[in-house]
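Biologist: Got a minute to go through this one with me? I'd like to start with anything odd in the backbone.

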Amino acid sequence: HIAFDIEKIRKDFPILKRKINGYPLVYLDNAATSQTPQQVIDVIVDYYSNYNANIHRGVHSLSQEATEKYENARISLQKHFNAEKSYEIIFTSGTTHGINLIASGFTSLLQEGDEILVSALEHHSNIVPWQMLCEKTGAVLKVIPMNEEGTLIYSAFEEMVSDKTKIVFLNHVSNALGTINPIKDIIDKAHSHGAAVLIDGAQAAPHIKADVQALDVDFYVVSAHKMCGPTGVGMLYGKEEWLKKLPPYQGGGEMIATVSFEKTTYADLPHKFEAGTPNICGGIAFGAAVDYMNSIGFENIAAYEQELLEYATGKLLEIEGMKIYGTSKEKTAVISFNIEGLHPYDIGTLLDKMGIAVRTGHHCAQPIMDFYKIPGTVRASFSFYNTKEEVDRFVEGVKKAKMMLS
Ligand code: PMP
């Protein structure tokens with residue numbers, strides 16, 4: 001029932017041929033950054049080899065070619081996320097940039113006593129910008145609690161949300177635990193109180209195709225480097241009415257209509273939010289990455305990754321002292337765990353010696369670690385190019401590390 005050819009897919013990723021410390025690489029740190037297929041690498045090489053030029057202002061051919069490719073990438077993203085209009089897609093440098101852009105934009109819209117809701121499952125990049133916003137405006141940050149499973153307590157959210165709530169922020173999928181949040185219910189409920197909703201899709205986008213119109217979400221942000229694209233580029237989707245209402249984030253070239261020392265007027269969307277020369281090559285490669293993932297198919301990806309998740313979870317649970325954090329039934333292929341008495345860092349270091357890449361630490365989600373009263377976890381995060389054989393090597397590696405450390 002694997003609907004795609006895993007061996008063929010693996011050939012697309014040159015890095016998977018690497019050896020690390022003498023062993024074939026087993027890359028299980030996909031939630032931090034995914035690997036890049038040759039199809040996307042080719043697009044990057046092609047850009048710098050054949051049409052590197054600044055966009056949106058050149059009359060010359062190279063500039064026009066680069067502009068066309070960049071705008072086509074925007075359309076790939078528009079189609080993928082099903083935005084109604086291409087100018088609702090803003091290129092950013094990544095999820096963090098997208099969140100800061102919106103948090104900053106809300107400064108002028110909030111008053112003392114207004115409330116902002118975030119979830120207990122957030123990445124630091126979805127906590128700190130709101131704390132900064134609260135400091136500036138006197139708004140109050142409230143946290144939707146989670147339970148032992150690593151799931152948001154929806155009834156608590158229902159009690160917390162009110163007409164004082166101006167904006168709700170949460171991730172679609174938790175990077176530390178993999179929990180998939182019930183974002184549609186939260187969006188609808190928030191809207192019934194007139195609150196806007198920003199969804200951090202950084203961890204969902206590699207696994208789930210989000211439809212921004214069906215979700216009726218106000219803002220959705222992602223990073224290309226978690227979905228087979230390059231670092232330093234991402235996307236902010238915003239509903240047109242919101243993007244028109246919010247002030248520009250940065251001033252500079254590209255984002256103006258006219259400039260004089262008396263008065264400057266801003267460019268139309270999307271350029272109003274794209275000051276300066278953007279990451280042109282990155283944007284084009286991001287479009288290619290999304291096209292690549294769609295050529296494999298998100299349903300295939302999700303089904304295959306769920307198989308890997310179940311297989312790996314079952315095998316890991318056979319190890320004595322194993323504790324997995326994040327046990328929601330609705331989760332992506334992320335396993336965060338500890339072994340009783342052992343430090344996650346030591347396990348990660350020994351796994352690396354065996355060529356196995358995992359992440360250890362708090363995963364930029366210290367509040368989640370505080371909830372479980374632990375300093376961190378070992379996190380293995382899977383992608384559609386991982387295999388069951390790699391899961392076996394990983395589980396053997398964990399067993400070996402346990403033996404060496406005990
Ligand atoms: N939110 C979540 C849920 C994430 O996992 C990450 C990346 N770890 C970010 C935000 C930040 O993304 P970036 O560093 O690409 O801006």
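**Backbone oddities and the ligand shell**

Modeller: K373 sits in the loop between α13 and β17 (377-381); helices (H or I, at least four residues) and strands (E, at least two) are DSSP runs, numbered from the N terminus. This is a predicted model, where local features need pLDDT of at least 70, side-chain atom pairs count only at pLDDT 80 or more, and totals for chains, interfaces and linings use all residues. Residues are numbered from 1 along each chain as its sequence is written.

Biologist: OK, what about the phi of K373, positive or negative?

Modeller: Positive, about 55°, although K373 is not a glycine. Most residues other than glycine have a negative phi.

Biologist: And is K373 buried or exposed?

Modeller: Exposed, because K373 has just 6 other C-beta atoms within 10 Å. The cut-offs are 20 or more for buried, 12 or fewer for exposed, and partly exposed in between, counting other C-beta atoms within 10 Å of the residue's own, with C-beta atoms placed from the backbone.

Biologist: Which residue in the loop between β16 (359-361) and α13 (366-372) should I look at?

Modeller: H363. H363 has a positive phi of about 60° and isn't a glycine. H363 is buried, because 23 other C-beta atoms lie within 10 Å.

Biologist: New topic: where's the cis peptide bond?

Modeller: From L269 to P270, with omega near 0°. P270 is in the loop between β12 (265-266) and α10 (280-296).

Biologist: And how many residues surround the ligand?

Modeller: 13, counting a residue if its C-beta atom, placed from the backbone, lies within 6 Å of the ligand. The closest are G94, T95, T96, N175 and S223.
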